[in-house]
Amino acid sequence: MKLVPLGDRVVLQQLAAEETTKSGIIITGEAKEKPQEAEVIAVGPGGIVDGKEVKMEVEVGQTVVFSKYAGTNVEIDDVEYIIVKQDDILAIINK
């Protein structure tokens, strides 16, 4: 099954949380906070949203930072995705 976002929506797959800190301390599952970084899996077409033209700024495969409480969580084929509006994406990470 494939998710195809509509309008100015973007499908993200959240990156895994770090298992250890930089100093080598192992973090247990309950203490790990999910990072606000994700990979872009699919991008909507943009177009006219609320009377304004929306140009999509992100592309599939990019790593982005998104708002902490943004989006809708969806699970398909045992994989978790987050569907957010493009406005909820704060930055693109260039590596």
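Gln 86 sits in the loop between strand 7 and strand 8. The model is a predicted one. Is Gln 86 buried or exposed? Its relative accessible area is 11%. The limit for buried is under 20%, so Gln 86 counts as buried. Leaving out residues up to four places away in sequence, Gln 86 touches Asp 8, Val 10, Val 54, Lys 55, Met 56, Glu 57 and Val 58.

One of those contacts leads to Asp 8. This residue lies in the segment before strand 1. Asp 8 is buried, yet it has no salt bridge. The nearest side chain of opposite charge belongs to Arg 9, 4.2 Å away. A salt bridge needs a side-chain nitrogen of Lys or Arg within 4 Å of a carboxyl oxygen. Beyond four places in sequence, Asp 8 touches Val 49, Val 54, Met 56, Val 84, Lys 85 and Gln 86.

Now the sheet. Six strands form it, and it is open. The order is 6-7-1-2-5-8, with antiparallel pairing. Which strands stand at the edges? They are strand 6 (72-76) and strand 8 (89-93). Each has a single partner strand, so one side of each is left without a neighbour in the sheet. Neighbouring strands are turned by 40 degrees against each other on average, direction ignored. At one edge, strand 6 pairs with strand 7 over five bridges, in the antiparallel sense. Within this pairing, Asn 73 has Ile 82 of strand 7 as its bridge partner.

Next comes the nonpolar core. The largest one has 14 residues. Those with the most contacts inside it are Val 10, Leu 12, Val 40, Val 58, Val 64, Val 84 and Ile 89. Four elements give two or more residues to this core: strand 1 (9-14), strand 2 (37-43), strand 5 (63-66) and strand 7 (79-85).

Val 40 shows how these parts meet. Neighbours within four places aside, Val 40 is in contact with Val 10, Val 11 and Leu 12. Its contacts also include Val 58, Glu 59, Val 60, Gly 61, Gln 62 and Val 64.

Gly 61 is the last stop. It lies in the loop between strand 4 (52-54) and strand 5. How accessible is Gly 61, and what does it count as? At 44% relative accessibility, Gly 61 is partly exposed. Beyond four places in sequence, Gly 61 touches Glu 39 and Val 40. Gly 61 and Leu 12 are 49 residues apart in sequence. In space, their C-alpha atoms are 9.7 Å apart.

Key
Residues numbered from 1 in each chain as written. Predicted model: local features only at pLDDT ≥ 70, side-chain atom pairs only at ≥ 80, totals over all residues. Heavy atoms only, no water. Core = buried A, V, L, I, M, F, W, Y, C linked by side-chain atoms within 4.5 Å. Buried < 20%, exposed > 50% of the residue type's maximum accessible area, 1.4 Å probe, protein only. Contact = heavy atoms within 4.5 Å. Pairing = 2+ DSSP bridges. Axes fitted to C-alpha atoms, helices over the stretch in contact; angles between N-to-C directions. Lys, Arg positive; Asp, Glu negative; His and termini not counted.
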